[in-house]
Amino acid sequence: MPATLAEIFEEFADLDREDQSQFLLELGDELPGFPAAQRTEANRVHGCQSQVWLIANARGTGPEAHLQILADSDSTIVRGLIAVLQAAYDGLSA
């Protein structure tokens, strides 16, 4: 599966609507596990129809600090959107 946001966009652009949905489902299937201990009310994204948990951390200090996005959902398509979010922001300068 694509690893960068540009790769995701490139592949997504060539798909019809049904295949775009399937692609998001496949991205969601490949999302790494989320620690069960982090499925807390404090990490829950309120207002979502599905259950979504999100943690954004800065790793490192000063100019070396970078973002780490951890998230999960009980909805596979939302997990696919999380994969897009991670491709967009994970590793960027905090």
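In this predicted model, Gln-38 touches Asn-43, Trp-53 and Ile-55, leaving aside residues up to four places away in sequence. Gln-38 sits in the loop between helix 2 and strand 1. With a relative accessibility of 31%, Gln-38 counts as partly exposed, because partly exposed covers the range between under 20% and over 50%. Leu-54 stands 16 residues from Gln-38 along the chain, and the C-alpha atoms of these two residues are separated by 8.7 Å.

The neighbouring story concerns Arg-39. This residue lies over the face of Trp-53, at 4.8 Å from the ring centre. Trp-53 is also one of the residues that Gln-38 touches. Arg-39 forms a salt bridge with Asp-72 as well, and the closest N and O atoms of that pair are 2.3 Å apart. The bridge links distant parts of the chain, since Arg-39 belongs to the loop between helix 2 (17-29) and strand 1 (52-59), while Asp-72 belongs to strand 2 (residues 66-73), 33 residues apart. The two partners can be set side by side in terms of accessibility: Arg-39 is partly exposed, with a relative accessible area of 35%, whereas Asp-72 is buried, with a relative accessible area of 4%.

What else does Asp-72 touch? Not counting residues up to four places away in sequence, the contacts of Asp-72 are Phe-34, Arg-39, Gln-51, Val-52, Trp-53, Arg-79 and Ile-82. With Arg-79, the side chain of Asp-72 meets in a salt bridge, at 2.2 Å from N to O. Both Asp-72 and Arg-79 are buried. Through shared partners, the salt bridges join Arg-39, Asp-72 and Arg-79 into one network. A further salt bridge is formed by Arg-44 and Glu-41, whose closest N and O atoms are 3.1 Å apart. In this pair, Arg-44 counts as partly exposed at 23% relative accessibility, and Glu-41 counts as partly exposed at 48%. The count of salt bridges comes to three.

Attention now turns to the nonpolar side chains. In soluble globular proteins, nonpolar side chains tend to be buried together. The largest nonpolar core here has eleven residues, namely Ile-8, Phe-23, Leu-24, Leu-27, Leu-31, Val-52, Ala-71, Val-78, Ile-82, Ala-83 and Val-84. At least two residues of this core come from helix 2, and at least two from helix 3 (76-89). Which helix gives the most to this core? That is helix 3, with four residues.

Helix 3 therefore deserves a closer look, and its length offers a simple check: at 1.5 Å a residue, its 14 residues should span 20 Å, and its end C-alpha atoms are 20 Å apart, which agrees. The buried residues in helix 3 are Val-78, Arg-79, Gly-80, Ile-82, Ala-83, Val-84 and Gln-86. An α-helix has 3.6 residues a turn, so residues three or four places apart point the same way. The buried residues of helix 3 pack against helix 1 (5-13), helix 2, strand 1 and strand 2.

One of these buried residues, Gln-86, shows such packing in detail. Is Gln-86 buried or exposed? At 14% relative accessibility, Gln-86 counts as buried, because the cut-off for buried is under 20%. Gln-86 touches Leu-31, Ile-69, Leu-70 and Ala-71, again without counting residues up to four places away in sequence. Among these contacts, Leu-31 and Ala-71 are members of the nonpolar core. Just after helix 3, Gly-91 takes a positive phi of about 90°.

The last feature concerns aromatic rings. A pair of aromatic rings is described by the distance of the centres and the angle of the planes. How many aromatic pairs does a search of the whole structure find? It finds one. The rings of Phe-12 and Phe-23 have centres 6.3 Å apart and planes at 50°, so the pair is tilted. This pair also links distant parts of the chain, with Phe-12 in helix 1 and Phe-23 in helix 2, eleven residues apart. Phe-12 is partly exposed, with a relative accessible area of 25%, while Phe-23 is buried, with a relative accessible area of 2%. Phe-23 is one of the residues of the nonpolar core too.

Conventions: Residues numbered from 1 in each chain as written. Predicted model: local features only at pLDDT ≥ 70, side-chain atom pairs only at ≥ 80, totals over all residues. Heavy atoms only, no water. Salt bridge = Lys/Arg side-chain N within 4 Å of Asp/Glu carboxyl O. Buried < 20%, exposed > 50% of the residue type's maximum accessible area, 1.4 Å probe, protein only. Core = buried A, V, L, I, M, F, W, Y, C linked by side-chain atoms within 4.5 Å. Contact = heavy atoms within 4.5 Å. Expected span 1.5 Å × (residues − 1). Phe/Tyr/Trp six-rings, centres within 6.5 Å; stacked < 30°, edge-to-face > 60°. Lys NZ or Arg CZ within 6 Å of the ring centre and 35° of its normal.
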